[in-house]
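Biologist: I'm new to this one and would like a guided tour. Could you put it on the screen and let me ask things as we go?

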Amino acid sequence: MGSGVSNIEITVGEAQAGLRLDRALADLMPDFSRERLKALIQEGHVTLSGRALSPSAKVEVGQNYAITLPAPIAAEAAPQDIPLAIVHEDEHLIVVDKPAGLVVHPAAGNPDGTLVNALLHHCHGGLSGIGGVARPGIVHRIDKDTSGLLVVAKSDRAHEGLAQQFKAHSVHRLYRAVVQGLPVPSSGTVDTWIGRSDADRKKMAVHREGRGKHAVTHYRMMERLREAALVECRLETGRTHQVRVHMAHIGHPLIGDPIYGRAKKSFKTILETLGFKRQALHARTLGFIHPVTGESLMFESAIPADMQELLSALHV
């Protein structure tokens, strides 16, 4: 198991001015829960000019906070013999085609039975330690009920190299989504800021510029369906729930999405008949430069059977 400490620097923007430190960091770091951030602050891992602060400290525009994510200890997640669809594997990384319903890493409510548990068994514990005790090897995520491709780091060198590519937005990611209605125009770009919803911290929402994280999705309609469309989404950034939030934002929520879309009665009947109980979203294409060999890699995953059935039921 690898080891290492991750250091992050965060600068306060105008949108966070006057907020509590834990609230401001939750805005700026939406992939972390407020409770996790509060714990890091209380443990002295968040500093301003070398000085530790309390979670209730008020922040000011331009302040630059240093955040240290502690080095992981031995993985607490237990190896479990769960079947995996492996698309590619070498000594540094592994690409998996994740089925819908499989959680990526252990968390509250899902202590085991996750992709991480399966990978610890498959790789005999040999995953990068940079992600921490609950997330060994995890460089990026896809939602529990989204299917498709993701890459996991087996070595720290691979983890660092892949993380740099995700940060630089150079990873090629294409998703296929079935959305309500026909987007007009049929192709375009959604460019917003995404952060935690004020009304529900489990949800993400579009916010004013400077609050949350900048998020860009390029979409194009692939096929017209009955009161719906098959859409391809290319992610320039990779924020939590990005495709789901962005398509709902432009008035075309994903069919089956229990959080960001309310299905029409006609869709509800189809979903109930098919037993389709998830957002219709599939991570179809994943491309990146191998962080160790420098080789250009590109992988594709066929749309899974449940989404194919949905498409067939919606054909005009």
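Modeller: What follows is a chat about a predicted model, strand by strand and loop by loop.

Biologist: Let's start with strand β13. How many of its nine residues are buried?

Modeller: Strand β13 covers residues 281-289. It is largely enclosed by the rest of the structure, because the buried residues among its nine number seven.

Biologist: Which strand pairs with β13 in the parallel sense?

Modeller: Let's go through some pairings. β8 joins β13 in the antiparallel sense over six bridges, so β8 is ruled out. β14 is also antiparallel to β13, over five bridges. Two bridges in the parallel sense, with Gly148 opposite Ala283, belong to β7.

Biologist: And on the β8 side, what is the bridge partner of Leu174 in β13?

Modeller: β8 covers residues 172-180, and β8 and β13 run antiparallel over six bridges. Within that pairing, Leu174 has as its partner Thr285.

Biologist: Which residue in the turn between β13 and β14 has a positive phi?

Modeller: The two strands pair in the antiparallel sense over five bridges, and Phe288 has Leu297 as its bridge partner in β14. They form a hairpin with six residues between them. In that turn, the residue with a positive phi, about 80°, is Gly294.

Biologist: Which two residues make the aromatic pair?

Modeller: The structure holds one such pair. Its centres are 6.1 Å apart with 40° between the planes, and since stacked needs under 30 degrees and edge-to-face over 60, the pair counts as tilted. One ring is in β13 and the other in β14, eleven residues apart, and both residues are buried. They are Phe288 and Phe299.

Biologist: How many disulfides does a search of the whole structure find?

Modeller: Cysteines are there to look at: Cys123 is buried, with a relative accessible area of 11%, and Cys233 is buried too, at 0%. The search covers the whole structure, and the number of disulfides is zero.

Biologist: Over to β11. Which residue of β12 is the bridge partner of Met221?

Modeller: β11 (residues 213-225) pairs with β9 (residues 187-196) in the antiparallel sense over eight bridges, and there Thr192 stands opposite Ala215. Eight bridges also join β11 to β12 (residues 228-235), again antiparallel. These two form a hairpin with two residues between them, and Glu227 in the turn has a positive phi of about 55°. In β12, the partner of Met221 is Val231.

Biologist: There's also an open sheet of four strands. Which strands stand at its edges?

Modeller: The order is β1-β4-β2-β3, with antiparallel pairing. Inside it, three bridges join β2 (residues 46-48) to β4 (residues 64-69), and Val46 stands opposite Ile67. An edge strand has a single partner, so one side is left without a neighbour in the sheet; the strands in that position are β1 and β3.

Biologist: Glu60 sits in a loop; is it buried or exposed?

Modeller: Glu60 lies in the loop between β3 and β4. Its C-alpha atom is 24 Å from that of Ala215, 155 residues apart along the chain. With a relative accessibility of 52%, and the cut-off at over 50%, Glu60 is exposed.

Biologist: Now the odd backbone spots. Where is His124?

Modeller: Most residues other than glycine have a negative phi. His124, though, has a phi near 55°, and it is exposed, at 75% relative accessible area. Its place is the loop between α3 and β7.

Biologist: And what is the relative accessibility of His169?

Modeller: His169 is in the loop between α4 and β8, and its phi is positive as well, near 60°. It counts as partly exposed, because its relative accessibility is between 20% and 50%: the value is 34%.

Biologist: Which peptide bond is cis, with omega near 0°?

Modeller: Look in the loop between β8 and β9, where Pro185 is found. The cis bond runs from Val184 to Pro185.

Biologist: Last one: at what angle do α6 and α7 cross?

Modeller: Helix α6 (residues 265-274) and helix α7 (residues 305-314) have axes that come within 11 Å. The crossing is right-handed. The angle is roughly 135°, which makes α6 oblique to α7.

Note on methods:
Residues numbered from 1 in each chain as written. Predicted model: local features only at pLDDT ≥ 70, side-chain atom pairs only at ≥ 80, totals over all residues. Heavy atoms only, no water. Phe/Tyr/Trp six-rings, centres within 6.5 Å; stacked < 30°, edge-to-face > 60°. Buried < 20%, exposed > 50% of the residue type's maximum accessible area, 1.4 Å probe, protein only. Disulfide = S-S within 2.5 Å. Axes fitted to C-alpha atoms, helices over the stretch in contact; angles between N-to-C directions. Parallel < 35°, antiparallel > 145°, perpendicular 65-115°, else oblique. Left-handed = near helix turned anticlockwise from the far one by under 90°.
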